[in-house]
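New to this one? Here is a quick tour to read alongside the sequence and the 3D view.

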Amino acid sequence: MSTQATVPVVVVGAGPVGLCTALCLARHGVATVLLERERQLPADLRASTFHPPTLEMLEDLGLTGAMLEGGLRVPTWQVRQHETHERAVFDLGVLAADTRHPYRLQFEQAAFCQLALDAVRAEPRIRLSFGAEVKGLVRLDDAVSLNVAHPGGRDPLRARYVVAADGASSTLRRLLALPFEGLTYPETTVLATTTFPFENHLPGLSPVNYVWIGDSNYALLRLPDCWRVSLYPDPDEDPQAEPWRMDDPERIEVKLQRIVPQTGRYTVIEHRPYRVHQRIVPTYHSGRVLLAGDAAHVNSPSGGMGMNCGIHDAFSLAEKLAGVLAGGSEDLLALYDRQRRPVAADEILRQADRNRNRMRNTDPAWRRAELARLQAIAADPAAAREHLLASSMITGLRRAAAIQ
Ligand SMILES: Cc1cc2nc3c(=O)[nH]c(=O)nc-3n(C[C@H](O)[C@H](O)[C@H](O)COP(=O)(O)OP(=O)(O)OC[C@H]3O[C@@H](n4cnc5c(N)ncnc54)[C@H](O)[C@@H]3O)c2cc1C
């Protein structure tokens, strides 16, 4: 790693957002150094939903074709009451005139990152370093100097611009002393995957289902070869129990048996607990450092929007950074903040919060009224289109594009 030259852009973090930022910058002709703390890409269970506009954007990086081949196209999703099988089913077909991809794609984040990594490796403008962790940052007049720890020691690395795509616990955000205001939801959620054929037992299931059950709720998301089940605490469980307590295989078994009772035990392939936060930084633009993805905003996974929002940041930011590096005004970087931050705050965090609160509500009368409201929207093509434009993140992107 050179200690002398100033590289145009250093991207910190090779999650989906960092990988996409580096690839987009390369498409604009900009050379980047991409630093990843881990020695290989993380493969933990995380995002599985790609929304229509994200699929359109990823066409530009040549990734969508392979994703469509390996993933599952989901034209409908639903909110349902477990005991009665009553449901409101939303059909993305009403978006046929709005997008080339009127469906969600169920495709694992880790598989997506692997595809993006292969594209990064094939791109001569990107220099990728694994095991390279940013530990320090010094602002200079015309550059930023990063202190990078790697297995051989520590080195400084100068860049004209730095993209902080280092995730929810962002080191760069901390080094910039940017607050990450918001809240942490009380409950620990457990994500479990199983090959059990729920579709043979629960009538009228869609590939994506948000379900009320008794005093609790669950979500069932289909992937090509398994179901992902999100399990939430019951009223008699301490919602704030340490994540490992909620991740207990016996608790998982009890909750799965409640969804579909069977004589044998469920085969659970993988399971992981996670806590959910809703937070956003006060600005995405801190001098020569730009924040993107989870480093800038985090929200409930309900609705599957966090990573999609970060990928949208990547495309917007790369375009603006390339413009500045080609001699354009630095105002472009302020425009990135003006376009992307309000959309995350007003469209994404707020919708995800509504989705999460809807499914955590246990009042039977409220649930009945909400289901009836959603059924009425789903049955009216104009209202359904409006609803799906927002939940598919198209409304937010249109709003961002109108901001100058
Ligand atoms: C259970 C679950 C389900 C989800 N489902 C969805 C979904 O369906 N759809 C959706 O859109 N979103 C979903 N999300 C959210 C999604 O996973 C995140 O929004 C996404 O991972 C954010 O990507 P990122 O690149 O910003 O950050 P990350 O994926 O966290 O990547 C950050 C990278 O930076 C590296 N790094 C950190 N610090 C440093 C450092 N100092 N130096 C160098 N490298 C560093 C890390 O090792 C990591 O590889 C889900 C999340 C969870 C937990």
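**Helix H1 and what sits around it**

Right after H1 comes Gly29, which has a positive phi, near 85 degrees. Keep in mind as you go that this is a predicted model. We'll start with H1 and its surroundings, then move on to the ligand, the sheets and two odd loop residues.

- H1 is mostly covered, with eleven of its twelve residues buried. Among them are Pro16, Val17, Gly18, Leu19 and Cys20, and the list carries on with Thr21, Ala22, Leu23, Cys24, Leu25 and Ala26.
- What lies over those buried residues? The cover includes S1, S2, H4, S8, strand S11 (153-164) and H8.
- The length of H1 agrees with expectation, because twelve residues at 1.5 Å a residue should span 16 Å and the end C-alpha atoms are 16 Å apart.

**Strand S2**

- S2 is mostly covered too: five of its five residues are buried.
- In a regular strand, side chains alternate between the two faces of the sheet.
- Both faces of S2 are covered, with Thr32, Leu34 and Glu36 buried on one side, and Val33 and Leu35 buried on the other.
- Strand S1 (residues 6-12) runs parallel to S2, and four bridges join the two. If you'd like a spot to look at, find Val11, which stands opposite Leu34 in S2.

**Helix H4**

- H4 covers residues 109-121, which makes 13 residues. From first C-alpha to last it reaches 18 Å, close to the 18 Å expected at 1.5 Å a residue.
- Which residues of H4 are buried? They are Gln109, Phe112, Cys113, Leu115, Ala116 and Val120.
- These buried residues sit on the same side of H4, because they cover an arc of only 160 degrees around the axis.
- There's a general pattern to have in mind here: an α-helix has 3.6 residues a turn, so residues three or four places apart point the same way.
- Turn to the face of H4 that points away from its buried side, and you'll find the exposed residues Asp118 and Arg121.
- The cover over the buried residues of H4 includes three helices, namely H1 (16-27), H3 (64-70) and H8 (306-325). Strands S2 (32-36) and S8 (126-130) are also part of that cover.

**Around the ligand**

- The ligand is surrounded by 35 residues, and the closest are Gly13, Gly15, Gly167, Gly293 and Gly306.
- Elements giving two or more residues to this shell are H1, S2, strand S9 (133-139) and H8.
- Which element gives the largest share? That's H8, with four residues.

**The three-stranded sheet**

- One open sheet has three strands in the order S3-S7-S4, paired antiparallel.
- Strand S3 (49-50) and strand S4 (72-74) are at the edges with a single partner strand each, so one side of each has no neighbour in the sheet.
- S4 and strand S7 (residues 104-106) run antiparallel and are joined by three bridges. Across this pair, Arg73 stands opposite Leu105 in S7.

**The eight-stranded sheet**

- Another open sheet has eight strands, ordered S6-S5-S13-S14-S15-S12-S16-S19, and its pairing is mixed.
- Its edge strands are S6 (87-91) and S19 (297-298), each of which pairs on one side only.
- Helix H10 (residues 364-379) packs on this sheet, touching strand S5 (76-81), S6 and strand S13 (208-213). The direction of H10 makes about 30 degrees with that of S6.
- Strand S12 (residues 181-194) and strand S16 (residues 268-280) run antiparallel, joined by eleven bridges. Thr189 stands opposite Tyr274 in S16.

**Two loop residues with a positive phi**

- Most residues other than glycine have a negative phi.
- Ala177 isn't a glycine, yet it has a positive phi of about 60 degrees. You'll find Ala177 in the loop between helix H5 (171-175) and S12.
- Met393 isn't a glycine either, and its phi is positive, at about 70 degrees. Met393 lies in the loop between helix H11 (381-391) and helix H12 (394-401).
- Is Ala177 buried or exposed? Ala177 is exposed, with 7 other C-beta atoms within 10 Å.
- And Met393, buried or exposed? Met393 is buried, with 23 other C-beta atoms within 10 Å.

Technical notes. Residues numbered from 1 in each chain as written. Predicted model: local features only at pLDDT ≥ 70, side-chain atom pairs only at ≥ 80, totals over all residues. Expected span 1.5 Å × (residues − 1). Buried ≥ 20, exposed ≤ 12 C-beta atoms within 10 Å, placed from the backbone. Arc of directions from axis to C-beta. Contact = placed C-beta atoms within 7 Å. Pairing = 2+ DSSP bridges. Axes fitted to C-alpha atoms, helices over the stretch in contact; angles between N-to-C directions. Near = placed C-beta within 6 Å.
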